[in-house]
Amino acid sequence: MEPLTNELESLFSALADGTRLRIVLFLLDKGEATVDEISKSLRKSQSLISHHMACLRNCGIVKVRKDGKFSYYSMSSPEIIELIKLSINHVKKYSQSILSCDVLAEEKGQVKLSR
């Protein structure tokens, strides 16, 4: 069970980074894009996007298709697309309670105001 737990933790950590999550949402919407297109859309440097793409590729979240000198990135599988879509639906349903989770706020080092 421990290796599975470690692998799941790594997968969700890859998705927990804001820039990587924005890349995933961009690719989910667009379907396929180059690093240049992603960097312009997210207003981040190409080198930063390339760094994050390596992580997403290593974790099996995105795949790359080479066409001449261009590399086109897309979501790696229907399963990862389904995971992201299910997560979006979950967030829509539980948004208020997720955002008000004291445990997550504490872990992020955020101070919660008294209600």
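**A β-hairpin and its salt-bridge network**

In this predicted model, strand β1, residues 62-67, pairs with strand β2, residues 70-75, in the antiparallel sense, and six bridges connect the two. Two residues lie between the strands of this hairpin, and one residue there, G68, takes a positive phi near 65°. The pairing can be followed residue by residue. D67 of the hairpin faces F70 in β2, while R65 has Y72 of β2 opposite. In a regular strand, side chains alternate between the two faces of the sheet.

It helps to place the hairpin within the whole chain. Six helices and two strands make up the chain. Read from the N terminus, the order of elements is α-α-α-α-β-β-α-α, and the hairpin can be found in that order as the β-β step. The C-alpha atoms fill a box of roughly 55 × 35 × 25 Å, taken along the principal axes.

How much of the chain is buried? Of its 115 residues, 25% count as buried. The surface that the chain exposes comes to about 8300 Å², and carbon and sulfur atoms supply 54% of that area. Contacts also tell how the chain is folded back on itself: among contacts between residues at least 6 apart in sequence, 46% join residues at least 24 apart.

Charged side chains come next. The chain carries 17 positive and 14 negative side chains, and the centres of these two sets lie 8 Å apart. Three salt bridges are counted in the model.

Which residue does R65 meet in a salt bridge at 2.9 Å? The partner is E32, and the 2.9 Å separation runs from N to O. This pair links distant parts of the chain, since R65 belongs to strand β1 while E32 sits in the loop between α2 (18-30) and α3 (35-42), 33 residues away in sequence. Neither partner is fully hidden or fully open: R65 is partly exposed because its relative accessible area is 38%, and E32 counts as partly exposed because its value is 29%.

R65 takes part in another salt bridge, with D67, where the closest N and O atoms are 4.0 Å apart. D67 is partly exposed too, with a relative accessible area of 43%. Salt bridges with shared partners therefore join E32, R65 and D67 into one network. R65 is the residue to look for when tracing this network in the structure, as R65 pairs with E32 and also with D67.

The remaining pair to describe is K40 and D36, whose side chains meet in a salt bridge at 3.2 Å, N to O. Where do these residues lie relative to each other in helix α3? K40 and D36 are four residues apart in that helix, so about one helical turn separates them. The two ends of this salt bridge sit in unlike surroundings: K40 is exposed, at a relative accessible area of 60%, whereas D36 is partly exposed, at 29%.

Two serines complete the picture. S74 is found in strand β2, the strand that pairs with β1. Is S74 buried or exposed? S74 counts as buried because its relative accessible area is 11%, under the 20% cut-off for buried residues. Apart from neighbours within four places in sequence, S74 is in contact with L27, G31, E32, I61, V62 and K63. One of these contacts, E32, is also a member of the salt-bridge network with R65 and D67. Another, V62, falls in strand β1, which covers residues 62-67.

S95, by contrast, lies in helix α5, which spans residues 78-99. With a relative accessible area of 29%, S95 is partly exposed. How many residues apart in sequence are S95 and V64? They are 31 residues apart in sequence, and their C-alpha atoms are 32 Å apart in space.

Note on methods:
Residues numbered from 1 in each chain as written. Predicted model: local features only at pLDDT ≥ 70, side-chain atom pairs only at ≥ 80, totals over all residues. Heavy atoms only, no water. Pairing = 2+ DSSP bridges. Buried < 20%, exposed > 50% of the residue type's maximum accessible area, 1.4 Å probe, protein only. Contact = heavy atoms within 4.5 Å. Areas by Shrake-Rupley, 256 points an atom, 1.4 Å probe, with all protein chains shown as cover. Lys, Arg positive; Asp, Glu negative; His and termini not counted. Charge placed at Lys NZ, Arg CZ, Asp CG, Glu CD.
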